[in-house]
Amino acid sequence: MAMSKGLAKVQKKIQKKKGAANCLHEDSRDAKRLRRAGARSDKLEKLAAARGKALQPYHEAQTARRSSGYRYLNRDSTELSTIQSERRPGRPTSTTEDMLKQRIRSEANEYKSGYWIPDMEDVQTLERLKEWNEQWTSLGSLKYVRVAKDGTKHHSSFPPKGKS
């Protein structure tokens, strides 16, 4: 029979076994199980708190990236609203308005599905990026990742071949 490790489960099992009276001998097996489960629970709480502190700067940076992405996507909203307000009722949309709407829609879709950037965690990619001669043809030698709206990233190829 597997022993439960969680503090709440250990307490529940001992309480079922002993009944309502909660008197344990100091060195009994059940008291030792409770101490071990309590120590394990404390250790896990400390590890979780330390992990949260370590990840705090990452979460703040990710939040800043999300807000800057939102600002970037909405950069044309004032121009679009002025074009729409200037158009008389019943008139068809202008070419400029159609183009703006199309660009906003395509950028929003790319933002949602993810955008391509060179993999900055790969040392070889960083070296190649430093030596880059600003030619489109040399971009194929870099490793790319696709960063999604929620901040997740996965390896990808650029230019896309329909697999990413």
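**Figure 1. Lysine K9 sits exposed on a helix of this predicted model.** K9 has 57% relative accessibility, so the residue counts as exposed, the cut-off being over 50%. K9 lies in helix α1, which covers residues 7–18. K9 also belongs to a positive surface patch. The other members of the patch are K12, K13 and K16.

**Figure 2. The chain runs through five helices and three strands.** Read from the N terminus, the order is α-α-α-α-β-α-β-β. The chain has 164 residues. Of these, 21% count as buried.

**Figure 3. D76 and R103 form a salt bridge.** Side chains of opposite charge can pair when their charged atoms come close. Here the N to O distance is 2.1 Å. The pair links distant parts of the chain, with the partners 27 residues apart. D76 lies in the loop between α2 (29–73) and α3 (77–86). R103 lies in helix α4, residues 95–113. How do the two partners differ in cover: which is buried and which partly exposed? D76 has a relative accessible area of 8%, so D76 is buried, the cut-off being under 20%. R103 is partly exposed, because its relative accessible area is 34%.

**Figure 4. E121 and K153 meet in a salt bridge.** The N to O distance is 2.6 Å. This pair, too, links distant parts of the chain. The partners are 32 residues apart. E121 is in the loop between β1 (115–118) and α5 (123–130), while K153 is in strand β3. E121 counts as exposed, because its relative accessibility is 66%. K153 has a relative accessible area of 38%, so K153 is partly exposed.

**Figure 5. D122 pairs with K143 in a salt bridge.** Their closest N and O atoms are 4.0 Å apart. Where do the partners sit along the chain? D122 is in the loop between β1 and α5, and K143 is in the loop between α5 and β2. They are 21 residues apart, and the pair links distant parts of the chain. D122 is buried, because its relative accessible area is 17%. K143 is partly exposed, because its value is 45%.

**Figure 6. Shared partners join K17, D30 and R33 into one network of salt bridges.** How many salt bridges does the count give? The total comes to nine.

**Figure 7. Strands β1 and β2 run antiparallel.** Four bridges join β1 to β2. In this pairing, Y115 stands opposite V147 in β2. Strand β1 has two faces, one covered and one uncovered. Which residues make up each face? W116 and P118 lie on the covered face. Y115 and I117 lie on the uncovered face.

**Figure 8. Strands β2 and β3 form a hairpin.** Strand β2 spans residues 144–147, and strand β3 spans residues 153–156. They pair in the antiparallel sense over four bridges. Y144 stands opposite S156 in β3. Five residues lie between the strands of the hairpin. What is special about the phi of G151 in this hairpin? G151 takes a positive phi near 95 degrees.

Definitions and conventions:
Residues numbered from 1 in each chain as written. Predicted model: local features only at pLDDT ≥ 70, side-chain atom pairs only at ≥ 80, totals over all residues. Heavy atoms only, no water. Patch = residues over 30% accessible without salt bridge, like charges linked within 9 Å, V, L, I, M, F, W, Y side chains within 5 Å. Areas by Shrake-Rupley, 256 points an atom, 1.4 Å probe, with all protein chains shown as cover. Salt bridge = Lys/Arg side-chain N within 4 Å of Asp/Glu carboxyl O. Lys, Arg positive; Asp, Glu negative; His and termini not counted. Charge placed at Lys NZ, Arg CZ, Asp CG, Glu CD. Buried < 20%, exposed > 50% of the residue type's maximum accessible area, 1.4 Å probe, protein only. Pairing = 2+ DSSP bridges.
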